Each structure stands twice: as structure tokens, then as C-alpha cells.
Amino acid sequence: AVTRPDALNADGSINQMFFKPKKVVFESASKRWTDVERAALYAGLEAHGVGEWSTMKGADKVLADWDTLTLRVKASRMMGTQSLARYPKGWKANKATVDGEYAKHKRVGEATGCWKSGTLVEDDHGSA
């Protein structure tokens, strides 16, 4: 194995500072989700459905500033699931249904030990 010279100290031990991030960027207050944006995403899920992130961005100017990846991640967190793959593209849900999915995922996650940071995560076998 070859190790970069700057990753090692003079005595051959690992230079821990090499692995420390040079710059840490924190989310600024201006990039945090507001209640208005959250409501717009709920409305987008009801009108357009899961996977229709670009359509949502085009239909609602409140969501236009967010990229599609961020919309997908935020929607998955609102539903309390690591993966939206269990939902067919275009699956539509209102706020009550989305909140119900979150509660269901939380129950399953807590029962199986797969509830991490407010999200149902896949276990070692790819299921929950």
C-alpha cells in the first residue's frame, strides 16, 4: 500500500491533522427550510407526487431556489425514511398522509432498531 507522504508524521505514524477538514461549512440561517417552504413541499407532494421534483420546482416559486436533490432528501426526511424507492414515481400524498408515513416508519424503526436521527434506515440486509 502506498501512503501519501503528507499523511504521515516523520516517525511513520499517521498524521491525524491530514484527515481533519480544512474548512467546515455550516448551514446558514438563509439556507434553512422555512414553514412556507415546508408547506410548499407538502403541497407539491400532494399535487405532483414523489419523484416529480423538477415539476414541483417549476410549479412553485418557493421551491424554485432548491435543487432537486435537496427536495428529494427533504421529502424523505418528512416521511421519515432513508429511501423513497418503496414509493412508486408519482405517488401522491397530502400532509396528513405524509405525517402518517413518518409515524409508521418511526414505529417500524424503533421496533427494529433501524430508527436513526429521525429516519428509518435500511438494515444490513437492505430492508427495514
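A polar contact of 3.2 Å joins the side chains of Glu 101 and Lys 104 in this predicted model. Glu 101 lies in helix α5 and, at 13% relative accessibility, counts as buried. Leaving aside residues up to four places away in sequence, Glu 101 touches Met 79, Tyr 87 and Trp 91. Tyr 87 and Trp 91 also pair with each other as aromatic rings. The points below cover aromatic pairs, the nonpolar core, helix α4 and salt bridges.

**Aromatic pairs**

- The structure holds four aromatic pairs, and two of them are described here.
- Tyr 87 and Trp 91 form a tilted pair, with 4.5 Å from centre to centre and 45° between the planes.
- The tilted label follows because an angle of 45° is neither under 30 degrees, as stacked would require, nor over 60, as edge-to-face would require.
- Tyr 87 is buried, with a relative accessible area of 8%, whereas Trp 91 counts as partly exposed at 23%.
- Tyr 102 and Trp 115 form an edge-to-face pair, with 5.4 Å between centres and 80° between the planes.
- Tyr 102 lies in helix α5 and Trp 115 in strand β1 (residues 115–116), so this pair ties together parts that are 13 residues apart in sequence.
- Within the edge-to-face pair, Tyr 102 is partly exposed at 28% relative accessibility, while Trp 115 is buried at 18%.

**Nonpolar core**

- The largest nonpolar core has 18 residues, and Leu 41 and Trp 53 are those with the most contacts inside it.
- Helices α2, α3 (53–59) and α4 each supply at least two residues of this core.
- The largest share, four residues, comes from α2.
- In soluble globular proteins, nonpolar side chains tend to be buried together.
- Beyond its neighbours within four places in sequence, Trp 53 is in contact with Leu 41, Leu 45, Thr 68, Leu 71, Arg 72, Ala 75 and Leu 84.
- The contacts of Trp 53 thus include Leu 41, the other residue named for the most contacts inside the core.

**Helix α4 and its ends**

- At the start of α4, a side-chain oxygen of Asp 67 reaches to within 3.2 Å of the backbone nitrogen of Leu 69.
- Buried residues in α4 are Leu 71, Lys 74, Ala 75, Ser 76 and Met 78.
- Elements that cover these buried residues include α2, α3 and α5.
- Two of the buried residues, Leu 71 and Ala 75, are among the contacts of Trp 53.
- Lys 74 has its place in helix α4 and counts as buried because its relative accessible area is 19%, with the cut-off at under 20%.
- Apart from neighbours within four places in sequence, Lys 74 is in contact with Trp 33, Arg 38 and Leu 41.
- Leu 41 is therefore a contact of Lys 74 as well as of Trp 53, given that contact means heavy atoms within 4.5 Å.
- Just after α4, Gly 80 takes a positive phi of about 70°.

**Salt bridges**

- The count comes to five salt bridges, and three are set out here.
- Arg 4 forms a salt bridge with Asp 6, the closest N and O atoms being 2.8 Å apart.
- Asp 6 counts as partly exposed, at 39% relative accessibility.
- The side chains of Arg 38 and Asp 35 meet in a salt bridge of 3.1 Å, N to O.
- Arg 38 and Asp 35 are separated by about one helical turn, because they stand three residues apart in helix α2 (residues 35–47).
- Arg 38 is partly exposed, with a relative accessible area of 26%, whereas Asp 35 is exposed at 63%.
- Arg 38 is also one of the contacts of the buried Lys 74.
- Glu 122 and Arg 86 meet through their side chains in a salt bridge of 3.3 Å, N to O.
- This pair links distant parts of the chain, 36 residues apart: Glu 122 is in the segment after β2 (119–120), and Arg 86 is in the loop between α4 (68–78) and α5 (95–112).
- Glu 122 is partly exposed at 27% relative accessible area, and Arg 86 is partly exposed at 38%.

Conventions. Residues are numbered from 1 along each chain as its sequence is written. Side-chain values use heavy atoms; hydrogens and water are left out. A salt bridge is a side-chain nitrogen of Lys or Arg within 4 Å of a carboxyl oxygen of Asp or Glu. Buried means under 20% relative accessible area, exposed over 50%, partly exposed in between (1.4 Å probe, protein chains only). A nonpolar core is a set of buried Ala, Val, Leu, Ile, Met, Phe, Trp, Tyr and Cys residues joined through side-chain atoms within 4.5 Å. Rings of Phe, Tyr and Trp (its six-membered ring) pair if their centres lie within 6.5 Å; planes under 30 degrees apart count as stacked, over 60 as edge-to-face and the rest as tilted. A polar contact is a pair of N or O atoms within 3.5 Å; within protein, one must be able to donate a hydrogen and the other to accept it, and residues adjacent in sequence count only if both atoms are side-chain atoms.
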